[in-house]
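Visitor: Hi there! I'm new to this one, so could you walk me through it? Let me bring it up on the screen.

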Amino acid sequence: MPFVFSIGGIQCQRRFDHLLQVAEAEAGKFDLRPAPVDLRAAVAEGVALLRPKADARTIAIQVDAPEDLGTAEVDPVRLQQVLLACLD
């Protein structure tokens, strides 16, 4: 039987990752890896990850942002965490 990773599993994994990151930060081992990130693509990815959950609750998600948001020098993993926390 194949393993199915549900939205609940994703949320559990995110919480676990968050706790691990808090522990790393408290230990002085918080690692940031800045890189150029296309902001529009990052927002689209975050919305795509949460769309199934929103659809299941009949919640519409609409992005109202300029086509060219540009890029930013940020840690892409941390940015995605912030976006998901804001959208979830």
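Visitor: Let me start with a single residue. Is L20 buried, partly exposed or exposed?

Guide: L20 counts as partly exposed, because its relative accessibility is 42% and partly exposed covers the range between 20% and 50%. One thing to keep in mind as we go: this is a predicted model.

Visitor: Okay, and where is L20 found?

Guide: L20 sits in helix α1. In sequence, L20 and F30 are 10 residues apart, and their C-alpha atoms are 10.0 Å from each other in space.

Visitor: Since the model is predicted, where is confidence lowest and where is it highest?

Guide: Helix α1, residues 7–26, has the lowest confidence, with a mean of 70. The highest is in strand β1, residues 35–38, at 96. Residues 1–6 have a pLDDT below 50, and that stretch makes 2 contacts in the model beyond near neighbours in sequence.

Visitor: How should I treat low values like that?

Guide: Where pLDDT is low, the predicted coordinates should not be read in detail.

Visitor: And what is the mean pLDDT of the protein?

Guide: The mean is 80, and 86% of the residues reach 70 or more.

Visitor: Let's zoom out. How many helices and strands are there?

Guide: The protein has 3 helices and 2 strands. Starting at the N terminus, their order is α-β-α-β-α.

Visitor: Any salt bridges? How many are counted?

Guide: The count is 1 salt bridge. R40 pairs with E67, and the closest N and O atoms are 3.5 Å apart. This pair joins distant parts of the chain: R40 belongs to helix α2 (residues 39–56), while E67 lies in the loop between α2 and β2 (71–74), 27 residues apart.

Visitor: Which of these words fits E67: buried or exposed?

Guide: E67 counts as exposed, with a relative accessibility of 66%. Its partner R40 is partly exposed, at a relative accessible area of 24%.

Visitor: What about the protein as a whole: what share of the residues is buried?

Guide: Buried residues account for 16% of the 88 residues. The accessible surface is about 6800 Å², and carbon and sulfur atoms hold 62% of it.

Visitor: Last one. Of the contacts with a separation of 6 or more, what share comes from residues 24 or more positions apart?

Guide: That share is 85% in this protein.

Notes:
Residues numbered from 1 in each chain as written. Predicted model: local features only at pLDDT ≥ 70, side-chain atom pairs only at ≥ 80, totals over all residues. Heavy atoms only, no water. Salt bridge = Lys/Arg side-chain N within 4 Å of Asp/Glu carboxyl O. Helix = DSSP H or I, 4+ residues; strand = E, 2+ residues; numbered from the N terminus. Buried < 20%, exposed > 50% of the residue type's maximum accessible area, 1.4 Å probe, protein only. Contact = heavy atoms within 4.5 Å. Areas by Shrake-Rupley, 256 points an atom, 1.4 Å probe, with all protein chains shown as cover. pLDDT = per-residue confidence, 0-100.
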